[in-house]
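The following exercises concern the disulfides of one protein chain. Please examine the sequence and the model before reading each solution.

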Amino acid sequence: MKNPHCLGWFRAACLVLLLTQTVLAMVLNNSTHLESILDKYRDKDEEWWRARPRGKRAISEGDMHLILDLHNKLRGQVHPPASNMEYMVWDYELERSAEHWAHTCRWEHGPSHMLTQIGQNLGAHWGRDRPPTYHVQAWYDEVRYYSYPYSQECNPHCPFRCSGPVCTHYTQLVWATSNRIGCAINVCYNMNVWGMIWAKAVYLVCNYSPPGNWWGHAPYKYGTPCSACPASYFVRICQPGDSKYNVVPKYIYSCLCIQT
């Protein structure tokens with residue numbers, strides 16, 4: 001089966017780039033290291049960052065909520081069902097690091113010194129306007145190439161030889177323990193995308209923490225939703241029309257583990 005995100009890269013309006021399994025295997029269990037890496041983005045406190053004028057942030061408040069809500073909707077509807085899927089929240093430090101990378105306009109994962117500490121999904125398009133959720137949905141739609149729980153069945157050769165199915169965007173999106181996200185959008189002029197120069201590309205960078213895509217591991221545990229939440233979390237059954245705990249009722253119809 002052909003992969004529209006790779007084999008059709010020269011005619012498609014959406015491109016996504018995966019973080020290779022070689023890099024993913026380098027992930028370290030060191031949260032203090034991650035904190036030190038993100039220190040460079042902490043020149044202002046969170047309240048200042050949130051209050052920045054819309055034109056000075058790399059993503060609007062509306063797009064931020066669209067991306068976050070769709071992530072939680074998709075995470076809550078995985079099949080087979082997840083017993084330990086965590087509710088995702090926005091992280092302004094990850095947003096700042098994503099903004100830093102989006103402004104480089106480089107169609108590759110980075111910066112290299114952070115790739116062992118964060119997960120990352122990239123998307124780009126040119127031509128007619130598309131909402132950021134267009135790319136988020138495209139990442140999730142890679143589920144068609146994925147057979148739970150065997151991630152090794154999806155072993156692409158992109159970006160150099162796109163001859164296999166891509167699903168690592170999907171597995172990062174639904175990685176159960178990746179409960180924080182921060183994204184940025186930038187317009188890049190004359191951006192080199194796999195050897196093609198795009199005069200005006202809209203570039204989306206989403207960073208995740210803790211990182212997912214551990215080689216040899218399934219993205220989540222199979223079972224009754226919320227039956228395997230971590231001990232420090234509380235079980236939340238989310239139903240349409242119930243807005244308790246700031247859960248978005250129009251998007252979430254399952255159960256997610258929420259951190260206390």
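A disulfide is here a pair of cysteine sulfur atoms within 2.5 Å. The model is predicted, and a search of the whole structure finds 4 disulfides. Three of the pairs are treated below.

**Exercise 1.** Determine the handedness of the link between Cys 105 and Cys 188, and place both residues in the chain.

*Solution.* Step 1: the S to S distance of Cys 105 and Cys 188 is 2.2 Å, and a disulfide joins them. Step 2: the torsion about their S-S bond is about -85 degrees, so the disulfide is left-handed. Step 3: Cys 105 lies in the loop between helix H5 (92-102) and strand E3 (119-125), while Cys 188 belongs to strand E4 (residues 180-193); the pair links distant parts of the chain, 83 residues apart.

**Exercise 2.** Is Cys 105 buried or partly exposed, and is Cys 188 buried or exposed?

*Solution.* Step 1: buried means under 20% relative accessible area, and exposed means over 50%. Step 2: with a relative accessible area of 23%, Cys 105 is partly exposed. Step 3: Cys 188 has 1% relative accessibility and therefore counts as buried.

**Exercise 3.** Characterise the disulfide between Cys 183 and Cys 206.

*Solution.* Step 1: the S to S distance is 2.1 Å. Step 2: the angle about the S-S bond is 110 degrees, and the link is right-handed. Step 3: Cys 183 lies in strand E4 and Cys 206 in strand E5 (residues 196-209), so the pair ties together parts 23 residues apart in sequence.

**Exercise 4.** What is the handedness of the disulfide of Cys 226 and Cys 255?

*Solution.* Step 1: their S to S distance is 1.9 Å. Step 2: the torsion is about -110 degrees, so this disulfide is left-handed.

Key. Residues are numbered from 1 along each chain as its sequence is written. This is a predicted model: local features need pLDDT of at least 70, side-chain atom pairs count only at pLDDT 80 or more; totals for chains, interfaces and linings use all residues. Side-chain values use heavy atoms; hydrogens and water are left out. Helices (H or I, at least four residues) and strands (E, at least two) are DSSP runs, numbered from the N terminus. Buried means under 20% relative accessible area, exposed over 50%, partly exposed in between (1.4 Å probe, protein chains only).
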